[in-house]
Amino acid sequence: TNVGHLDTAAGLIGCIKLVLSLYHRQIPASINFTKINEEIDIDNSPFYVVSDLQELEKRETPYRAALSSLGIGGTNA
């Protein structure tokens with residue numbers, strides 16, 4: 001999110017962050033997050049916000065990840 005306004009670089013940074021997350025088996029926290037919007041029923045959804053560093057447990061099957069950096073002007077941040 002710190003480089004979201006750099007357009008093309010944001011996609012590259014997102015890719016690097018994803019690869020490093022898988023390599024180190026850690027999901028970094030979302031920076032500047034304090035609380036969820038009360039209008040979002042996140043408890044009854046498959047989504048969550050990573051508020052603290054999370055370790056990925058070791059398992060037999062490989063982890064898979066997806067990356068989307070389609071925004072422009074920081075909209076992907």
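What follows is a short walk through the fold, the surface and a few side chains of this protein, based on a predicted model.

The overall layout is quickly told: the protein has one helix and two strands, and along the sequence they come in the order α-β-β. Of the contacts with a separation of 6 or more, 62% link residues 24 or more positions apart. Buried residues account for just 12% of the 77 residues. The accessible surface adds up to about 6700 Å², and carbon and sulfur atoms contribute 55% of that area.

Helix α1 covers residues 8-24 and includes S21. With a relative accessible area of 15%, S21 falls under the 20% cut-off and therefore counts as buried. Leaving aside residues up to four places away in sequence, S21 touches Q26, P28 and L56. L20 also lies in helix α1, but its relative accessibility is 44%, so L20 is classed as partly exposed, a label for values between 20% and 50%. On the surface, L20 joins L12, I13 and I16 in a nonpolar patch of about 350 Å².

As for the aromatic side chains, the count of aromatic pairs comes to zero. A ring does take part in another kind of arrangement, though: the charged end of R59 sits over the ring of Y63, at 3.8 Å from the ring centre.

How values were computed:
Residues are numbered from 1 along each chain as its sequence is written. This is a predicted model: local features need pLDDT of at least 70, side-chain atom pairs count only at pLDDT 80 or more; totals for chains, interfaces and linings use all residues. Side-chain values use heavy atoms; hydrogens and water are left out. Rings of Phe, Tyr and Trp (its six-membered ring) pair if their centres lie within 6.5 Å; planes under 30 degrees apart count as stacked, over 60 as edge-to-face and the rest as tilted. A charge sits over a ring if NZ of Lys or CZ of Arg is within 6 Å of the ring centre and within 35 degrees of the ring normal. Helices (H or I, at least four residues) and strands (E, at least two) are DSSP runs, numbered from the N terminus. Buried means under 20% relative accessible area, exposed over 50%, partly exposed in between (1.4 Å probe, protein chains only). Contact means heavy atoms within 4.5 Å. Patches are made of residues with over 30% relative accessible area and no salt bridge: like charges are joined within 9 Å, nonpolar side chains (Val, Leu, Ile, Met, Phe, Trp, Tyr) within 5 Å. Accessible areas come from the Shrake-Rupley method with a 1.4 Å probe; for residues, only the protein chains shown count as cover. A salt bridge is a side-chain nitrogen of Lys or Arg within 4 Å of a carboxyl oxygen of Asp or Glu.
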